[in-house]
Amino acid sequence: MATTEVRGLGHSVKRKEDERFIRGKGTYIDDIALPGMLHMELLRSPFAHARVVSIDTSRAEALPGVVAVVTGELMAQHNLAWMPTLSGDTQAVLATDKVRFQGQEVTAVVAESAYVAKDALELIEVDYEPLPAVTNPQQALQQDAPVIRDDKEDQTSNHIYHWEAGDKEATDRAFDEADKVVALDTHYPRCHPAPLECCGCVADVNPATSKATIYMTSQAPHVHRTLFALVTGLPEQNIRIVSPDIGGGFGNKVPIYPGYVVATAASLLLGRPVKWIEDRTGNLISTGFARDYHMHGELAVKDGRIVGLRASLAADEGAFYADAQPSKLRIGLFHIVTGSYDIPTAHVQGDGAYTNKAPGGVAYRCSFRVTEASYLIERLVDVAANELGVDPAEFRVQNFIKPDQFPYESATGFVYDSGDYEKALRLALEKLGYEDLRKEQAEAREQGKLIGIGLASFTEVVGAGHGKEYDIVGLRMFDSAELRVHPTGKAILKLGVKAQGQGHETTFAQIVAEELGIPYEDVEVQEGDTDNTPYGLGTYASRSTPVAGAATAVIARKLRDKARTIAAHLLEAAEDDLEWERGRFSVKGAPDRAKTIQDVAFAAYTDLPEGLEAGLEGVHYYDPPNMTFPFGSYAVVVEVDRGTGQWKVRRVVAVDDCGVRINPMIVEGQIMGGLTEGFGIAAMELITFDEEGNCIGSNFIDYLLPTSWETPPFELGETVTPSPHHPIGAKGVGESATVGSPAAYVNAVVDALAHAGVRNLEMPVTSDKVWQALQEAGLAE
Ligand code: CDP
């Protein structure tokens with residue numbers, strides 16, 4: 001079989017799954033309709049902080065079509081009023097004592113139709129006693145702040161945790177000896193993954209068999225099955241989570257939300273399937289938000305080299321601490337807070353606080369808050385270059401970790417696997433025509449026009465675990481792949497991860513194609529059904545390729561070893577005398593004496609050597625030795641209008657290095673999506689709150705997402721630095737551009753104004769903020 005027909009690594013084959021998506025034949029949660037199915041709607045709190053005095057459900061219960069009204073009190077009778085969060089905290093499923101954020105789930109109505117359920121919500125009378133709201137961590141940590149989590153024994157303040165990394169003394173010394181210290185205070189605002197499809201589920205607990213089948217929007221179905229078993233007490237083998245096609249997750253579909261638990265409890269109690277579909281406002285105000293980090297960073301510079309980093313952070317965690325973080329490394333930001341730079345000393349500390357806001361802290365297209373880290377260091381480096389009066393590109397090059405320093409241990413104790421940062425930056429600068437642009441910028445300034453050039457040379461960390469240090473609620477972060485090759489040489493690959501649009505059905509088939517020589521079209525990839533796939537931790541933090549991709553390559557290689565034994569038997573040759581060329585074993589020196597992988601697959605069921613187990617299938621659980629560290633350099637060119645403060649992106653050049661690319665077209669799609677989200681975060685996305693804790697950003701009129709109209713064009717480039725520890729040298733890429741690009745956009749706008757002394761603009765960089773800065777800097781027209 002010719003190698004090109006197999007279409008393994010490096011082929012931009014079209015996505016298999018798109019056949020059904022573009023024909024409208026996908027199956028999303030709301031497409032599922034079961035016989036006798038009921039519909040559930042949630043009543044949410046209008047207050048950010050209030051005592052629940054009483055709930056009167058009688059009028060709602062009397063509405064024709066209403067089957068049940070579920071209150072926190074009813075849930076408490078079944079020990080389900082509270083549930084654990086991913087960070088080991090507790091979260092109210094339905095409020096019993098207090099409401100702690102606007103939009104919190106208070107009561108649920110189950111009815112014959114969603115319309116009746118929604119109408120019935122208006123008939124529920126809740127008597128609230130409003131309490132003062134706390135809307136930021138600074139306020140939360142004041143001595144006299146109202147204690148939000150008075151449900152927790154021993155919780156006498158709103159402080160949740162204090163974490164530190166690095167060497168304080170050595171860092172202080174580096175700062176004492178520095179010839180320049182620069183500082184930046186910034187807030188990475190609360191934003192939201194806002195997937196196109198909101199969350200939802202259909203819970204179907206069969207009263208005859210006690211089997212609970214829960215169809216849900218889950219990025220981590222196996223973990224959710226285990227958590228359901230722990231929360232509800234149902235035996236785990238009786239729970240089946242099915243995660244069908246998902247219309248975007250971006251981290252938002254990692255946590256378990258009250259709606260899933262209430263719908264399952266209602267189905268259990270009523271003996272009928274119950275569907276709950278969240279609306280957009282429900283999604284934006286109550287499900288996992290992202291970021292909301294207040295950051296202070298400082299760099300110490302000596303002779304043009306960065307010699308120390310100090311950072312302190314205050315994290316706004318909302319009312320229930322529900323960060324998606326590995327339990328031993330709570331502040332994921334520590335992983336790459338020193339960025340792509342060889343900074344010998346660092347000391348970083350962070351504190352988390354409860355506030356009257358929705359819980360979450362999901363890693364929105366990001367691994368454990370590394371987006372905040374990347375933003376901080378890339379903004380700080382620009383501030384330093386500005387203060388020193390040096391070119392930000394050359395300042396970066398001078399301070400990069402050099403290729404021969406890998407594996408590189410950062411000052412916060414993490415080991416970067418591989419990188420060549422200068423190569424990526426030089427390529428980006430070349431594609432951009434950096435020198436000419438700087439000249440154009442200087443000339444434009446003389447004519448009163450403002451052009452800005454922003455750079456970001458980010459390093460990312462993706463692919464959690466290894467299992468020894470990375471776990472979620474104790475579950476070690478490995479992943480798995482089960483591969484079955486059928487007698488006719490066609491195969492099924494079953495994975496513990498779960499795609500939400502990333503193209504796994506194509507790329508993972510390509511890994512099998514590469515390793516076993518079976519054409520990628522002949523490999524079906526299945527994910528998302530816990531009864532049908534091996535255990536895995538799920539898809540988030542760009543971990544699918546680094547972990548499940550590695551598991552796939554390893555199991556395919558194991559099957560290839562077995563195939564060699566069978567081929568040797570068929571060819572009556574010694575195994576060592578066989579040569580492997582993708583898809584074919586041949587006898588050394590006699591290339592015509594050969595068997596294809598399809599021949600061998602057939603023999604695995606029909607003609608085996610004595611004593612060899614039949615079949616060609618197996619499962620591998622892969623625990624990665626380390627994370628992978630993709631990187632890249634982004635360059636953004638903007639023009640700023642001196643009259644209005646509006647800024648327009650003229651160009652975006654993005655050079656990414658994610659090691660070996662399985663499917664270059666899919667990788668480019670991932671990068672373009674991330675660059676768009678990065679632009680949205682930098683320019684317009686904001687979930688904010690007034691002083692009473694009212695959420696401003698609860699719909700797509702207030703919470704702005706970039707449409708194709710606003711999205712700038714992207715020019716992409718690549719370098720390839722394989723991961724030394726990944727079986728096919730691949731690193732993750734899904735989140736790189738969301739992590740790396742916001743700083744590049746902001747650096748560009750700041751750069752346009754920098755000659756007039758502007759050093760910072762806060763995200764989202766809206767035109768009113770720029771206009772204000774133009775006024776203050778004397779640049780306004
Ligand atoms: O975990 P998640 O799928 O979100 O992220 P990822 O592993 O970074 O991959 C996103 C998509 O890009 C997947 O379909 C990958 O297989 C593909 N990819 C690739 O083709 N080559 C790489 N080196 C990395 C990812």
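Ile-451 stands opposite Glu-639 in strand 30. That strand belongs to a predicted model, in which local features need pLDDT of at least 70, side-chain atom pairs count only at pLDDT 80 or more, and totals for chains, interfaces and linings use all residues. Residues are numbered from 1 along each chain as its sequence is written, and side-chain values use heavy atoms, with hydrogens and water left out.

**The sheet**

Strand 20 and strand 30 run antiparallel and are joined by 10 bridges. Two strands pair if DSSP finds at least two bridges between them. Helices (H or I, at least four residues) and strands (E, at least two) are DSSP runs, numbered from the N terminus. The open sheet has 4 strands in the order 20-30-31-34, with mixed pairing. Its edge strands, strand 20 (450-459) and strand 34 (715-718), each pair on one side only. From one strand to the next the twist averages 15 degrees.

Strand 30 (residues 631-640) also pairs with strand 31 (residues 647-657), in the antiparallel sense and over 10 bridges. In this hairpin 6 residues lie between the strands, and Gly-645 takes a positive phi near 80 degrees. Of the 10 residues in strand 30, 9 are buried. Buried means under 20% relative accessible area, exposed over 50%, partly exposed in between (1.4 Å probe, protein chains only).

Opposite residues in strands 30 and 31 are listed here.

| Strand 30 | Strand 31 |
|---|---|
| Phe-631 | Asp-657 |
| Gly-632 | Asp-656 |

**The helix pair**

Helix 15 (residues 504-516) and helix 16 (residues 544-571) have axes that come within 9 Å and cross at roughly 35 degrees. Axes are lines fitted to C-alpha atoms, for helices over the stretch in contact, and angles run from 0 to 180 degrees between N-to-C directions. The crossing is right-handed, meaning that the near helix is turned clockwise from the far one by less than a right angle. Contact means heavy atoms within 4.5 Å. Helix 15 contributes residues including Phe-508, Ile-511 and Val-512, which meet a set in helix 16 that includes Ala-548, Gly-549 and Thr-552. The contact residues divide into 8 nonpolar, 5 polar and 3 charged.

**The cysteines**

The whole structure holds 0 disulfides, a disulfide being a pair of cysteine sulfur atoms within 2.5 Å. Why is Cys-191 unbonded? The closest cysteine sulfur, in Cys-366, is 9.5 Å from its own, too far for a bond. Cys-191 is buried, with a relative accessible area of 0%. Cys-198 is in no disulfide either, and the nearest cysteine sulfur, that of Cys-199, is 7.1 Å away. Cys-198 is also buried, at a relative accessible area of 12%.

Key: Nonpolar A, V, L, I, M, F, W, Y, C, P; charged D, E, K, R; others polar.
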